[in-house]
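Visitor: I would like a close look at a single part of this model. Please describe the second largest cavity and then the salt bridges.

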Amino acid sequence: MFHHKNIYRLSIITLSMLLAGCISLDPHYQRPAAPVPKTWPDQGKNSAAKTVLTDWQHVLTDQRLNKVVERALVSNRDLQQSIADIEAARALYGEQNASLFPTVDANLTHTRSRTASDGLSSSSEANGAVSSFELDLFGRNHSLARAAKETWLASEATAQNTRITLVSETSTAWITLAADKSNLALGQQTMASAADSLRITQLQLKEGTAAAGDVSEAMTTYQQARASVASYQTLVAQDTNALNLLVGETVPKNLLPGTIESLSPQAIQIVPAGVSSSVLLRRPDVIEAEHNLKSENADIGAARANFFPTISLTASAGVGSSSLSSLFSHGADIWSFAPSISLPLFTGGSNIAQLHYAEAEKKGLIAAYEKAIQSAFEDVANALARRSTLDEQMDAQIQAVASAQRSYDIARRSYQVGSGDYLTVLTDQRTLWSTQLDLVSLQQTDFENRITLWESIGGGLQ
């Protein structure tokens, strides 16, 4: 085995390198104050709500939608790319962090030779060497490692944001498909009603109780409804394709929605927003912006450290012997120690430029962090503002549809008995169709607003 002196020397060299103290030249980090009010304006009945970050499984209570989102979180390609970015950033952090430790290599050599005078001879040598290692006295490598770690954490926040966005977009696409199925059903109902009206007016024209203009108007309404049916058939097919793309695979038919009227009002739960806007600090995009800011803060420390000298050490220790069998028993001592110091005397201003660049980048990232919070605040405020009027608007639209239906039924019966005119029937039919389409659109907005509110407060996806 190694001679005790060799072990001692190698231990001293290694420990001095591993335990070398360093200082940090990173600026003191302090989270910028959130440039938004503490509460949202006009929260209405949500003003007393407790802050809630709910997992998507508890928000999307329709089991079909729940299973569709589960599939998307497994198969969506954008999410897979984000996860790969995390792995890449973590690997870069590991690579940078490795620079804080020396690299130790070991090798064993054995040489045999024959000469005319000495005959056959052999020699052996064993070495343990530390490659050139920089003592991080001014914290440059530590700062670079911290910057790489914050970049890695930022990539994790990016992936988290991608997950939440994917849940939101998949749910919205599923609801859009349900709404267009409703619009298609309304178009088909209107086309059937228009076909019936056309048949009646044609019979009345033969009997002399209707004018030729009535038949023309009935035909126009029928063809318009027919065109709308074809258009909504296209939209339903396109909506299905869009949903399949988001999920990353073909969604089984049993997981697709019916019409939007068939959905339970609680298919997507309403998540109350918190009173304090501090909840926004938990949004993944805000977390990502702060990690980017911390990374640049560490880059400033590394740029400052460039103004100071660097000390590199190279050391090796081992034994040599004339025969391999006695190599570790009484071989000759072999060791070397070669420190070097590099002092930046003249760099043409590059060190100063790098420092100014890092400081300017930090200012920009502070602004980006503050903008992320402001944008998040606006998202929640807009969602709450829309939420506060949706119930009243929905009730009014339901009443409008019921009223339009009554008007159309009365006008049609009056025309059939000869006491009304067809223009009134036509007008009331178009009004009914329009109010029904508006109701579907409002039901779609209601569900989408619930999704948006959950997403805007940062969701709760783990």
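Guide: The account below takes the cavity and then the salt bridges.

The model is predicted, so local features need pLDDT of at least 70 and side-chain atom pairs count only at pLDDT 80 or more, while totals for chains, interfaces and linings use all residues. Residues are numbered from 1 along each chain as its sequence is written, and side-chain values use heavy atoms, with hydrogens and water left out.

Three cavities of 30 Å³ or more are present in the structure. A cavity here is a set of points, on a 1 Å grid over the protein atoms alone, where a 1.4 Å probe fits but cannot get out; lining residues have an atom within 4 Å of a point. Grid points are joined across faces, edges and corners, and a volume is the space filled by probe spheres set on the points. The second largest cavity encloses about 50 Å³. Its lining consists of Trp56, Val59, Leu60, Val167, Ser168, Ser171, Ile268, Arg450, Ile451 and Trp454. At least two of these residues come from each of helix H2 (56-59), helix H5 (140-207) and helix H10 (422-456); helices are DSSP runs (H or I, at least four residues) numbered from the N terminus. Sorted by class, the lining has seven nonpolar, two polar and one charged residues. In this scheme Ala, Val, Leu, Ile, Met, Phe, Trp, Tyr, Cys and Pro are nonpolar, Asp, Glu, Lys and Arg are charged, and the others, Gly among them, are polar.

The salt bridges number 11, each defined as a side-chain nitrogen of Lys or Arg within 4 Å of a carboxyl oxygen of Asp or Glu. One of them joins Arg71 to Glu249 at 2.4 Å, N to O. This pair links distant parts of the chain, 178 residues apart: Arg71 belongs to helix H3 (residues 63-75), and Glu249 to the loop between helix H6 (212-247) and helix H7 (284-305). Arg71 is partly exposed at 30% relative accessible area, as is Glu249 at 28%; buried means under 20%, exposed over 50%, and partly exposed in between (1.4 Å probe, protein chains only).

Arg283, buried at 8% relative accessibility, forms a salt bridge with Asp285 at 2.7 Å, N to O. Arg283 also pairs with Asp379, the closest N and O atoms being 3.4 Å apart. That second pair links distant parts of the chain, with Asp379 in helix H9 (residues 350-416) and Arg283 in the loop between H6 and H7, 96 residues apart. Asp379 is partly exposed at 32%. Elsewhere, Arg387, Asp391, Asp446 and Arg450 form one network through salt bridges that share partners; Arg450 is also one of the residues lining the second largest cavity.

Terms used
1 Å grid on protein atoms, 1.4 Å probe; cavity = no way out; pocket = protein on both sides within 12 Å on 5 of 7 lines; lining within 4 Å. Helix = DSSP H or I, 4+ residues; strand = E, 2+ residues; numbered from the N terminus.
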